[in-house]
Each structure stands twice: as structure tokens, then as C-alpha cells.
Amino acid sequence: MKYRIEKDTMGEVEVANDKLWGAQTQRSLINFGIGPPASMPIEIIRALGYLKKAAALTNRDLGRLSPEKTDYIVRVCHEIIAGELDEHFPLVIWQTGSGTHTNMNINEVISNRIHILQGKQLGYGTRFAHPNDDVNMSQSSNDTFPSAMHIAAAMVLENKTLPSLDVLLQALKNKVEQYKDITKIGRTHLMDATPITVGQEFSGYVHLLDQGRKSLSHSLIRLQELASGGTAVGTGLNCPSGYAEKAAEYIAKFTGFPFRTAPNKFEALSAHDGLVAAHGALKQLALSLHKIAQDIRLLASGPRCGLGEISLPANEPGSSIMPGKVNPSQIEALTMVCGQVIGNDVALGFGAVNGHFELNVYRPLIISNFLQSANLLADAVQSFHDNCAVGIQVNREKIQEHLENSLMLVTSLTPHIGYDKAADIAKAAFHNNTTLKAEALKLLDVEEKEIDQWLNPQAMLGRE
């Protein structure tokens, strides 16, 4: 491979001729060989493409950047946003905690790409658009990277996580309606309890996810605040008046989301509570999804020696040794994702507490964990919907069998005969392996018709 010489303030460094990055990116590659190459989330690269485009146009509007340089920067940003230059962003998550290396990677790629667009060869001649003076004009990595974090996080939530959640919510709502008239035994402490309908049980799942969705939607308000304009420490040094507001307006226009300038740049640079809150909502969803998935796993256990009240789609063989075995694999995948999200929340929180004085220096850790959670939940929820939730079927015969065998229907006798007598009937039915009705007829001086009315499961359902 042939190399060219690139220069920065520390001197010269060799860069492969076919790569668009410059000296600072190459130094990061040399000094931070930690983890998989190019592990910085691609969503951050796209977000920086939007941000650099907005910065160029804002600087032009404010009379700081020439129209010609602006046009070139915007053109390359379009290529970055479209994914045409992905191979030129090789840096890892585990770099400087401010994200400076990735910000400079973007700046250098834009500068060098413009050089090529002008018909020039890399390694020769002065860059028409300087990576610091022009591409990074009115910016610092300290305000650019956190802005990109918010842009990336908000767009993933809006474009992937929430739409996937909405699909699953609708599927579960359909189950509520479909099975609203099927009475089954309820369970508390994993033990028999009083009756509910399958629809009532699923309505609990719907409400859980609906509340999680509301939390996630509300968290977007903070994510829509951008740190751009704060530059190095929040004071806006070297940034012209009006830049922050105008740049945010451009970003909102390009993305279609209501981004706006953060009201306090010192907070925006030194802390990441907005991402903490938004990931807290992702963790809330993970906990809810785990509960729902585990319930469905237990309800579908069997098919003959478990609860077996519902059946799941048989998607693939479940065992390499037991022929015919089918496992709840979609549930296992979803619950593993939930575990990953819960773990990510711990790592993200650890990163968020490291905002020392005017700068948080755990930013790549924070955003990589956030984006992994948002993307994983989106994918897992969609997969669970497509390959499991929509295909759930009830086993009416097994539900009826469990309902008739349950001793907790005795609870409906309590208002008529008292707790102690009702308990005696339940104990006798269990000890004698008989029915509640049979023991009630033995122990009570009551007509059979009246006992049938008292022990009617449908009368125990209460309100929907």
C-alpha cells in the first residue's frame, strides 16, 4: 500500500493514499487500538454530517464562511449522510472521552474530499477548506460531539424504537379484543388465584408498554436540546452571536425533528442527564418487556407437561438431540436483549457521573451504550412481534381445565359463608381430590343451584 504524508501541529504522519482522513485521525488509529475497528456508531457519523452542514450554512449566513467553501462542505456532508464515505471513519469508541478524535476525523475527511473534488491529489497542495479553520469554524469538539449524541439518539428513537414498539402495542391490543371473553384462572405468587379473562391479562401488558412509550416520548424533549454554540467550555468563545439558534434551526430543518439550542451550554457540555433520562425510559421498557415475555413463556410452557394455556408459533427445531422439540426462542432473544439494556444502563450511568467541571469525558461510552440499547430493543421488539406475538393462540381446553380445577374459586363463597368456612371447603377439596362444589354440598346446608351461582367464574371477573 502506498502512503502520503499528512501534517498536523505535532508533525508528520503517514496515511494510506486511498483514505480520506488526515494526521489526527491516523494518530488516533495508532494510539487507540482498543476493541473492534470502526466501532464508533455510524449514527454519530451521520449526525455529524447534519451538524457540519448546518455549521457551514450558518457561518455563511453570518458572513464568516465564503459561499464557495460552504457549497463544497455541504456537498461532502450529503455524501456522509448518504453513507457514501463510511469506509473513511475507522475510529473506535475507546478514544478521547470528549469525542475529539471523531470530530476531527469528520473535519479531515470533509477537507480532503473537497481537495479531491477540486481535481487535486491528496498529499499535494494546501487544502482549500481547512479542517479546523473552515470545517470546524465556530465549533469545538466539546459542543459538537454532544450535539451529535442528541441528534443520533433522538433520530434512532423516533425512526426505529418507537415505531417498532407501536407495532407490538397494536398486536397486543388485538389480543385483548380477540380474547376478552375467555375466562381463565389468575395467578399470584405463581399460585392459583381468582379468575380473569385472557383479554384482561393482556391488557396489563398493553398498559405497561403504553406507559413505557409515554416515558420514552417525553424524554425526547431533553434530547432535542443541542449544545452547539457553547464551544470549549460553554461560553461560546470564537462563536458569533446568533450561531447557536441558527445552527439548531438548520439541523431541525434537515432532520425533520424539532431540535433547538440548549438553554444552558454549561450544563449541555458538562452533563448528559437528557441521555440518562432517555435511557432510563429504555430500561423501563426493557423491564416491562421482560415481564411480558416471561409471562408468555410460562403460559406457553409444555406443550403437555406445563401450563400450556397458550401456544406460540413453531419457527424452528428446538433441540439437537430431542426430535420434535420446539422452544420459545423469540422470548429468549428478547429477554437477553432486555438484560443487555439493563447492563447498558449501568455503564451509561457510570459515564454520566464523570462530568468534571466544564466537560464530561465519557461521551463515546455513553452514546455507544445508548444507541446499542435503542437499536437492539427496536430489532428485538420487531422480531418478537413478527415471529411470536401475532401468532399467539389460546388453548381453550387447557384454560377450561385449569379453571375448573382451581381451588381459588372458593374466594367467591367468602361473602356468603365467611373466610373460615370457605377455607375449610378448599382444604377438604384439596385433601380429598374433589371439587369445591362437592365439598360445599357436604359442608353447607345450601341448595346446589345457589352454590353454582356463587362458584360461577364469570361472576368473579369484576371490571374490565
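The following conversation goes through a predicted model and asks how some of its residues earn their labels.

Biologist: Why is serine 368 called buried?

Modeller: Buried means under 20% relative accessible area, and serine 368 has a relative accessible area of 11%, so the value falls under the cut-off and the residue counts as buried. Serine 368 lies in helix α12, which covers residues 363-387, and its side chain reaches the backbone oxygen of leucine 365 at 3.1 Å. Leaving aside neighbours within four places in sequence, serine 368 is in contact with Pro41 and Ile93.

Biologist: What makes aspartate 8 and arginine 27 a salt bridge?

Modeller: The label asks for a side-chain nitrogen of Lys or Arg within 4 Å of a carboxyl oxygen of Asp or Glu, and here the closest N and O atoms are 2.7 Å apart, so the pair meets the definition. Aspartate 8 belongs to strand β1 (residues 3-8) and arginine 27 to helix α1 (residues 23-31), so the salt bridge ties together parts that are 19 residues apart in sequence.

Biologist: Why does the pair of glutamate 401 and lysine 398 count as a salt bridge?

Modeller: Their side chains meet at 3.8 Å, N to O, and the cut-off is 4 Å, so this pair also qualifies. Both residues lie in helix α13 (residues 396-405), three residues apart, which is about one turn of the helix.

Biologist: Is each of these two buried or partly exposed, and how do you know?

Modeller: Glutamate 401 has a relative accessible area of 37%, which lies between the 20% and 50% cut-offs, so it is called partly exposed. Lysine 398, at 16% relative accessibility, is under 20% and therefore counts as buried.

Biologist: How do you know that glutamate 267 and arginine 222 link distant parts of the chain?

Modeller: Glutamate 267 sits in helix α9 (residues 265-270) and arginine 222 in helix α7 (residues 198-223), 45 residues apart, while the closest N and O atoms of their salt bridge are 3.1 Å apart. With relative accessible areas of 29% for glutamate 267 and 32% for arginine 222, both values fall between 20% and 50%, so both residues are partly exposed.

Biologist: What makes you say that the buried residues of helix α16 line one face?

Modeller: The buried residues of α16 (residues 436-443) are Leu436, Glu439 and Ala440. Seen down the helix axis, they fall within an arc of 105°, so they line one face of the helix. These buried residues pack against α15 (419-432) and α17 (448-454).

Methods: Residues are numbered from 1 along each chain as its sequence is written. This is a predicted model: local features need pLDDT of at least 70, side-chain atom pairs count only at pLDDT 80 or more; totals for chains, interfaces and linings use all residues. Side-chain values use heavy atoms; hydrogens and water are left out. Buried means under 20% relative accessible area, exposed over 50%, partly exposed in between (1.4 Å probe, protein chains only). Helices (H or I, at least four residues) and strands (E, at least two) are DSSP runs, numbered from the N terminus. The arc is that of the directions from the helix axis to the C-beta atoms. Contact means heavy atoms within 4.5 Å. A polar contact is a pair of N or O atoms within 3.5 Å; within protein, one must be able to donate a hydrogen and the other to accept it, and residues adjacent in sequence count only if both atoms are side-chain atoms.
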